[in-house]
Amino acid sequence: MENRNQFYNLSESEMLGLWKQVMRLDTPRRDCTVEWDDGIDLDALLLSHIKLWYAQLLNTVPAHLLPIEDLAAEVTLSVSHGMVAATIPDQSVRPVEWKLAEWRRSVTEFLDPCSHEAMLQLNEWNRGGAYAPAIIDYGFQLLLLSTSGNPQLECARCVVRPADGSYQFHASLLSTIPEWTQSTPMLI
């Protein structure tokens, strides 16, 4: 079970401040103001890095370290030949756990459309059925296999991009910030 107490939920400005602190770019207070206009816009550069870093997290790190929502009510389903095409909402980054009501278990591993396993599932005689359902992940759409006719989506848990533009992640992912800044090309 995930510990939600160790999760950050930061606005863009809070995230920028956190990155400056982690990268030791924050300036100590000296009760004066210094301005210049002949350098790089450090905040804009860091925000570009932050957005890339967060997008990478949402796509690659274990799901329990990221924001997850059940989007079953927002998914559009269409049925054809025992297969269900599910159009996923825009805020979904990747599926985590999906289940149709008639399935005996949920699916947590999603097949690549080019994989041998996915090709086997396209044949109605090879499909796993209610006891071994399969889902092929096409990115913007999922193909849920093994259904009897009138599917009802019971669960559609996905890693999501927060709708309010905030950054939500587990505290353990802070350690990836210096690693990211050293391996990422400059965006200038």
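**Exercise 1.** Decide whether Arg-127 is buried or exposed, and describe its surroundings.

*Solution.*
Step 1. Arg-127 has a relative accessible area of 16%, so it is buried (buried means under 20% relative accessible area, exposed over 50%, partly exposed in between, with a 1.4 Å probe and protein chains only).

The model is predicted: local features need pLDDT of at least 70, side-chain atom pairs count only at pLDDT 80 or more, and totals for chains, interfaces and linings use all residues. Residues are numbered from 1 along each chain as its sequence is written, and side-chain values use heavy atoms, with hydrogens and water left out.

Step 2. Arg-127 sits in the loop between helix H3 (116-121) and strand S6 (134-137). Helices (H or I, at least four residues) and strands (E, at least two) are DSSP runs, numbered from the N terminus.

Step 3. Leaving aside neighbours within four places in sequence, Arg-127 is in contact with residues including His-81, Met-83, Gln-121 and Ser-146 (contact means heavy atoms within 4.5 Å). The side chain of Arg-127 reaches the backbone oxygen of Gln-121 at 2.9 Å. Ser-146 is 19 residues from Arg-127 along the chain, and their C-alpha atoms are separated by 6.3 Å.

**Exercise 2.** Find where Gln-168 lies and which side chain its own side chain makes a polar contact with.

*Solution.*
Step 1. Gln-168 belongs to strand S9 (residues 167-170).

Step 2. Its relative accessibility is 18%, so Gln-168 counts as buried.

Step 3. The side chains of Gln-168 and Ser-166 make a polar contact (3.2 Å). A polar contact is a pair of N or O atoms within 3.5 Å; within protein, one must be able to donate a hydrogen and the other to accept it, and residues adjacent in sequence count only if both atoms are side-chain atoms.

Step 4. Beyond neighbours within four places in sequence, Gln-168 is in contact with Tyr-8, Asn-9, Tyr-54, Leu-66, Pro-67 and Pro-162.

**Exercise 3.** State how many aromatic pairs the structure holds, and examine one of them.

*Solution.*
Step 1. There are five aromatic pairs. Rings of Phe, Tyr and Trp (its six-membered ring) pair if their centres lie within 6.5 Å; planes under 30 degrees apart count as stacked, over 60 as edge-to-face and the rest as tilted.

Step 2. Tyr-8 and Phe-169 form a stacked pair, 5.4 Å centre to centre with 25° between the planes.

Step 3. Tyr-8 lies in strand S1 (residues 7-10) and Phe-169 in strand S9, so the pair ties together parts that are 161 residues apart in sequence.

Step 4. Phe-169 is buried, with a relative accessible area of 0%.
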